[in-house]
Amino acid sequence: MLLPADLPTPLTPVADPVLARAGVEVRLKRDDLLGPDVPGNKWRKLTPNLRAALDQGHTRLLTFGGAYSHHVHAVAAAAAALGLESTGVIRGDELAGAPRNWLLAAAERNGMRLEFVDRRTYRALRDGLGTAAVRRDIERRWGRAYVLPEGGSNALAARGTAGIAAELPGLGPRDLVCCPVGTGGTLAGIAAALPPGARAWGVAVLKGAEGYLEREVERLHREGWGRTFANWHISHTHHGGGYGRLPAALTEFADAFEARHGVPLERRYVAKALKCVYDTAPSLPPGTRVTVVVTGPPTTALRAGTVPVPSR
Ligand SMILES: *Cc1c(COP(=O)(O)O)cnc(C)c1O
C-alpha cells in the first residue's frame, strides 16, 4: 500500500426515531477514520494517482486550488509522506504577499511550493489541462511534474473511490449510497461500482452547479469506464448558500447529530449531505437503506493535527 490506510472503513448504524418513523435505515460509511497522512476521500482519490506518478518516474506533484482547498492540502501531505516534491498553483495573485491561512501554511510546512497566479491565468491553466499547449506552458513555468486537476477528480481518482462501493457488501434495489459532491469524483466512482439495482445519490455543496456537476460525473464515467451510468442523481437543495457557507440551521443540525450520535461531522461537505438525507427520508419508500459516506474528518481535527501532518 502506497500510504497506509485502515480498510475497510467501519459501518456505523444511525438509530434515530425520526428515521425510524419514516421506515428508513441509515448507516455511516466511516471514511473519516481512514487516515493517517491523507484523510477520507482524498486518500481514495490520490492513491491511484500517486501510484501512476511513481510508475511514470515523476518526482514532483503539481495541482490547482483556491486558498481553502483541502485537495491542495492533501496533495502536499501525500507528497511529503512519499518524499516527493510538490507545487500548488493557487488562484489569486493578490494572496502571494498575504499571511497564509492554516491550510496553505500546512501545505508549505509539508514542503509544497505555492505559486499564486491571477484568476484569468488560473482559469486558462485549469481548463486547458487536456491540451498539449497548456501542459507545455505548465512545464515551462514550473518544471516537469505529475499534474492533478483542481479538486483531484480524474478517471484514476474515480477508480479509487469505486473502492467505497466495493467495501459495501449485499447492496441491492433498496439501497442508496449517498455522498457530498464537490467536483463529482467521489460520486462517479461510487456509482460506477454499484451492483444492479442500488443507486448513488450525491448532494451538491456548491451553489448554482446544476448541470455542470452532472456533466462532470458523466465525463469521468466516459474517461474511466468508457460509458455512462443511469444509477445516480445529484440533489441541489442543500448547498446552504454555497461552498463553505454554513447556515444556522445546518450548524444546529450538525451540533445535535454530534451530541446524539457521538460522531464528529465535517461541516462543509458531510453535514450538508447528512441533512439532505434527514430532510428527504420522509419521502423515501419505507424499507430504503441509505449508506452515507462520511468523506472526511472535521476540519477542526485536520487543523489540530489529529490527522497528523508529517514534517520534514
Ligand atoms: C474534497 C471533499 C469532498 C468532495 O469530493 P469530490 O470528489 O470533489 O466530489 C467531499 N467531502 C470531503 C470531506 C472533502 O474533503
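Six strands make up an open sheet of mixed pairing, in the order 1-2-10-7-8-9. This model is predicted, so let us walk through it with that in mind.

Which strands stand at the edges of this sheet? They are strand 1 (11-14) and strand 9 (232-235); each has a single partner strand, so one side of each is left without a neighbour in the sheet. On average, and with direction ignored, neighbouring strands here are turned by 25 degrees against each other. Inside the sheet, strand 7 and strand 8 (residues 199-204) run parallel and are joined by six bridges. One residue pair to look for is C178 with its bridge partner W201 in strand 8. Helix 11 (residues 270-280) packs on this sheet. That helix touches strand 1, strand 2 (25-29), strand 7, strand 8, strand 9 and strand 10 (289-293), and its direction makes about 115 degrees with that of strand 8.

**A second sheet**

There is also an open sheet of four strands, ordered 5-4-3-6, with parallel pairing. Strand 5 (112-117) and strand 6 (146-147) are at its edges, each with a single partner strand, so one side of each has no neighbour in the sheet. Strand 5 pairs with strand 4 (residues 85-91) in the parallel sense, over six bridges. Within that pairing, R91 has V117 of strand 5 as its bridge partner. Helix 6 (residues 132-142) lies across strand 3 (60-65), strand 4, strand 5 and strand 6, and runs at about 110 degrees to strand 3.

**Around the ligand**

Now to the part a modeller may want to open on screen. How many residues surround the ligand? There are 15, and the closest are K42, K45, T183, T186 and T295. By class, this shell holds three nonpolar, nine polar and three charged residues. Three polar contacts are set out below.

| Residue | Protein atom | Ligand atom | Distance |
|---|---|---|---|
| N41 | side-chain N or O | oxygen | 3.0 Å |
| G184 | backbone N or O | oxygen | 2.9 Å |
| T295 | polar side-chain atom | nitrogen | 2.6 Å |

On its own, the ligand has 390 Å² of accessible area, and the protein covers 95% of it. Which elements give two or more residues to the shell? They are helix 2 (40-55), strand 7 (175-181) and helix 8 (185-193). Helix 2 gives the most, with three residues. Strand 7 thus appears twice in this account: strand 7 contributes to the ligand shell, and strand 7 is also a member of the six-stranded sheet.

**A cis peptide bond**

One backbone detail deserves a look before you finish. Most peptide bonds are trans. The bond that joins L7 and P8, however, is cis, with omega at about -10 degrees. P8 is placed in the segment before strand 1, and strand 1 is one of the edge strands of the six-stranded sheet.

Terms used. Residues are numbered from 1 along each chain as its sequence is written. This is a predicted model: local features need pLDDT of at least 70, side-chain atom pairs count only at pLDDT 80 or more; totals for chains, interfaces and linings use all residues. Side-chain values use heavy atoms; hydrogens and water are left out. A residue is near a molecule or strand if one of its heavy atoms lies within 4 Å of it. A polar contact is a pair of N or O atoms within 3.5 Å; within protein, one must be able to donate a hydrogen and the other to accept it, and residues adjacent in sequence count only if both atoms are side-chain atoms. Accessible areas come from the Shrake-Rupley method with a 1.4 Å probe; for residues, only the protein chains shown count as cover. Ala, Val, Leu, Ile, Met, Phe, Trp, Tyr, Cys and Pro count as nonpolar, Asp, Glu, Lys and Arg as charged, and the others, Gly among them, as polar. Two strands pair if DSSP finds at least two bridges between them. Contact means heavy atoms within 4.5 Å. Axes are lines fitted to C-alpha atoms, for helices over the stretch in contact, and angles run from 0 to 180 degrees between N-to-C directions.
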